[in-house]
Every structure is written in C-alpha cells, then in structure tokens.
Amino acid sequence: MTEIVTAAAPSNRLKGRRIVITGAASGIGRRTAQIFAKQGAALTLLDRNAEALAEIARETGGLAVATDITDEASVERAVEQGASAMGGIGGIVNAAGIWLRGSVREVGFAEWRRVIDVNLTGVYIVVRCCLPWLTQAPFATVVNLASGQGLFVNVANRTAYAASKGGVVNLTRALAAELAPHIRVNSVCPGLVDTPMSANMGRDVSAYALKRIADPVEIANAILFLTSSEASYVTGAALAVDGGRTFH
Ligand SMILES: NC(=O)c1ccc[n+]([C@@H]2O[C@H](COP(=O)([O-])OP(=O)(O)OC[C@H]3O[C@@H](n4cnc5c(N)ncnc54)[C@H](O)[C@@H]3O)[C@@H](O)[C@H]2O)c1
C-alpha cells in the first residue's frame with residue numbers, strides 16, 4: 001500500500017503567506033490549518049462552530065472568527081478582521097461544506113437552497129470579500145473543495161450535493177479565467193474522506209482503485225501543493241484526489 005505522509009515536515013513552504021481557511025473547525029479544513037501552520041503560513045480561520053474553531057486556532061496560532069459563510073455581511077467583517085491581524089490576505093482555502101443525501105423526489109426547495117447556499121454561494125461570497133486583498137498580494141491563490149461528485153455522477157440520491165459541487169468545479173474555472181494572471185484558482189475533488197461529514201455516508205470502497213477511504217491529510221497535502229509556489233503553472237484545474245474513484 002502507498003505510504004501516507006501523516007504530517008508534512010515543517011519546511012516553510014508557505015512562509016510569508018496569509019491564508020483564510022473556511023470550514024477550519026473540522027475534517028479537511030482543520031487538517032489543512034494544522035499543515036499550513038507547520039509550513040509557516042499566518043492563518044485566519046472561519047467556521048460556524050465557534051468552540052471547535054477556538055481550539056484549532058489555539059493549536060495553530062491562527063485568528064478564529066466564528067462566521068456563517070452564507071452571510072455576506074458577517075464574512076465581510078471576518079475577512080476585514082483577518083486582513084488586519086495578518087497584514088493582508090494572499091490565499092483562501094474554501095473547505096466549509098455540508099452533505100445532503102436525497103433525490104429530487106425527496107429533497108424540498110429549502111434543503112436544496114441550503115446546500116447550494118453553503119457549498120456554492122458561500123465560496124463565491126468568501127472569494128468576493130477577499131478580492132481587494134488578494135489583488136494586492138504579490139501573488140495569490142484560491143483552492144476550493146469540490147468533490148468527485150462534481151466531476152461525475154453515477155450514484156442516485158445526491159442531487160443537490162452533486163449540483164453544488166459541479167458548480168464549484170465550474171465556478172473555479174470561471175474565476176481562474178477572470179483573475180489570471182495574478183491569482184491562481186483551483187479545485188480539489190476528493191473521494192470518500194475519513195471526517196465527521198462522511199460518518200453516515202457508508203464506507204463502501206469497492207469502486208475505488210486504492211480500495212480504502214482517504215485520511216484527511218491526503219487531501220490537505222493536495223491543497224498545500226496547489227497553494228504553494230510548486231504549483232505556479234496550475235490554474236483552473238479540478239484535481240481528483242480520490243483513490244482512483246473517478247477513472248475506476
Ligand atoms: N468527507 C468527504 O468524504 C468529502 C468528500 C468530498 C468532498 N468533501 C468536501 O470537503 C469539504 C470539507 O468536508 P469535511 O469532510 O472536512 O466536512 P466536515 O463536516 O468535517 O467539516 C466541514 C466544516 O464546515 C463547517 N461549515 C458548514 N457549513 C458552514 C457555514 N455555513 N459557515 C461556516 N462553516 C460551515 C462545519 O461547521 C464544519 O466545521 C466540504 O466542502 C465537503 O463537501 C468531503
């Protein structure tokens with residue numbers, strides 16, 4: 001089996017970078033915050049779960065701002081706080097998201113709208129609020145968490161989630177085109193990842209070439225690559241980090 005690198009060695013790959021991470025209180029966002037701190041980044045951490053957010057902020061030395069990313073005014077305030085604490089903003093990782101199982105027959109309008117609001121509109125709001133600072137940074141990056149479900153759908157009963165994540169993949173491409181050459185914008189499309197979100201998704205990995213669920217660090221490592229200058233020629237990409245699920 002492939003070795004899983006469980007904690008990137010501190011090597012200052014993000015030294016001098018000022019990054020906003022949403023969804024930082026749990027799962028992939030939380031693991032990303034830990035790795036980014038080790039790589040020398042200054043962090044502003046956004047999540048609606050204030051208690052868990054405070055804990056990861058203490059651990060990483062980041063600024064915690066409890067925020068619902070669907071509330072534009074509150075994101076605007078959070079981002080201003082972050083920019084003044086860090087001295088600017090040069091990157092975003094949009095990891096906040098919600099999961100919803102259900103077909104078009106089952107999911108009502110309110111539930112549909114909530115999923116689109118958080119998973120798609122939330123990304124738009126955070127990027128828009130950060131833009132004045134991203135534009136001033138010497139170079140800047142945005143990494144959006146989409147999903148394998150944003151690249152293909154061969155499983156029934158996840159209409160709203162799949163639509164929201166397909167939206168994130170194409171929003172990413174649109175932003176990459178609009179904000180080039182100064183700001184690189186990419187999405188990461190995970191398969192099944194071992195986080196609280198996937199706890200009741202089922203753990204069938206038979207369709208995955210690597211036959212296992214991902215550790216959150218394996219997604220965070222891809223986010224680190226896309227945020228770092230090692231990915232200096234990568235923009236508009238939808239990077240599948242899915243154990244071979246989308247080709248298998
Ligand atoms: N876990 C998986 O298997 C998987 C697979 C593919 C894609 N993803 C995507 O990766 C991202 C991270 O997922 P995760 O597994 O770490 O989930 P998670 O549930 O562990 O963490 C998500 C975080 O987002 C926060 N959040 C949700 N709605 C919010 C809102 N409106 N405002 C602010 N914060 C909010 C939650 O409080 C939570 O801390 C999500 O976008 C998810 O859709 C996850």
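These are my notebook entries on a predicted model, taken in the order in which I looked things up.

**Entry 1. The ligand shell.**
I began with the ligand and listed its surroundings. I found 28 residues around the ligand, and the closest are Gly23, Gly27, Gly97, Thr195 and Met197. I then sorted the shell by residue class: 13 are nonpolar, 12 are polar and three are charged. Next I asked which helices contribute to the shell. Helix α1, residues 27-38, and helix α4, residues 109-136, each supply at least two residues. The largest share, three residues, comes from α1.

**Entry 2. Strand β2 and its partners.**
I turned to strand β2, which spans residues 42-47, and checked its burial. Six of its six residues are buried, and I therefore noted the strand as mostly covered. I recorded the two directions separately. Ala42, Thr44 and Leu46 point one way, Leu43, Leu45 and Asp47 point the other way, and all are buried.

I then looked for the strands that pair with β2. Strand β1, residues 18-22, runs parallel to β2 and is joined to it by five bridges. As one point of register, I noted that isoleucine 19 has leucine 43 of β2 as its bridge partner. With helix α1, these two strands make a right-handed β-α-β unit.

I also looked at strand β3, residues 63-66. The pairing of β2 with β3 is parallel and runs over four bridges. Here aspartate 47 stands opposite alanine 66 of β3. Helix α2, residues 50-60, completes a right-handed β-α-β unit with β2 and β3.

**Entry 3. The nonpolar core.**
Which residues have the most contacts inside the largest nonpolar core? I found Leu45 and Cys130 at the head of the list, in a core of 69 residues. Helix α4 gives this core its largest share, 11 residues. Leu45 had already appeared in Entry 2 as a buried residue of β2.

I followed cysteine 130 further. With neighbours within four places in sequence set aside, cysteine 130 is in contact with Val20, Val79, Ile89 and Ile92.

**Entry 4. Strand β5 and its partners.**
I next examined strand β5, residues 140-145. Why is this strand noted as largely enclosed by the rest of the structure? Six of its six residues are buried, so I recorded β5 as largely enclosed. Both faces are covered: Ala140, Val142 and Asn144 lie on one side, with Thr141, Val143 and Leu145 on the other.

On the pairing of β5 with strand β4, residues 91-94, I recorded a parallel arrangement with four bridges. Isoleucine 92, listed above as a contact of cysteine 130, has valine 142 of β5 as its bridge partner. Helix α4 links into this part of the model as well, since β4, α4 and β5 make a right-handed β-α-β unit.

I then checked strand β6, residues 183-190. Strands β5 and β6 pair in the parallel sense over six bridges. The bridge partner of threonine 141 in β6 is arginine 184. The chain passes from β5 through helix α5, residues 159-179, to β6, and this β-α-β crossover is right-handed.

**Entry 5. Backbone exceptions.**
I scanned the backbone with one general expectation in mind: most residues other than glycine have a negative phi, and most peptide bonds are trans.

The peptide bond joining alanine 180 and proline 181 is cis, with omega about 0 degrees. I located proline 181 in the loop between α5 and β6.

Asparagine 157 is not a glycine, yet its phi is positive, at about 75 degrees. Its place is in the loop between β5 and α5. Is asparagine 157 buried or partly exposed? I counted 14 other C-beta atoms within 10 Å, so asparagine 157 is partly exposed.

Lysine 211 also has a positive phi, near 55 degrees. I placed lysine 211 in the loop between β6 and α6, the latter being residues 216-227. Lysine 211 has 12 other C-beta atoms within 10 Å; a residue with 12 or fewer counts as exposed, and lysine 211 is therefore exposed.

**Entry 6. Arginine 114.**
Lastly I looked up arginine 114, which lies in helix α4. Arginine 114 has 16 C-beta neighbours inside 10 Å and so counts as partly exposed. I compared its position with that of glycine 29: the two are 85 residues apart in sequence and 20 Å apart in space, C-alpha to C-alpha.

Conventions: Residues are numbered from 1 along each chain as its sequence is written. This is a predicted model: local features need pLDDT of at least 70, side-chain atom pairs count only at pLDDT 80 or more; totals for chains, interfaces and linings use all residues. A residue is near a molecule or strand if its C-beta atom, placed from the backbone, lies within 6 Å of it. Ala, Val, Leu, Ile, Met, Phe, Trp, Tyr, Cys and Pro count as nonpolar, Asp, Glu, Lys and Arg as charged, and the others, Gly among them, as polar. A residue is buried if 20 or more other C-beta atoms lie within 10 Å of its own, exposed if 12 or fewer, and partly exposed in between; C-beta atoms are placed from the backbone. Two strands pair if DSSP finds at least two bridges between them. A nonpolar core is a set of buried Ala, Val, Leu, Ile, Met, Phe, Trp, Tyr and Cys residues joined through C-beta atoms within 7 Å. Two residues are in contact if their C-beta atoms, placed from the backbone, lie within 7 Å.
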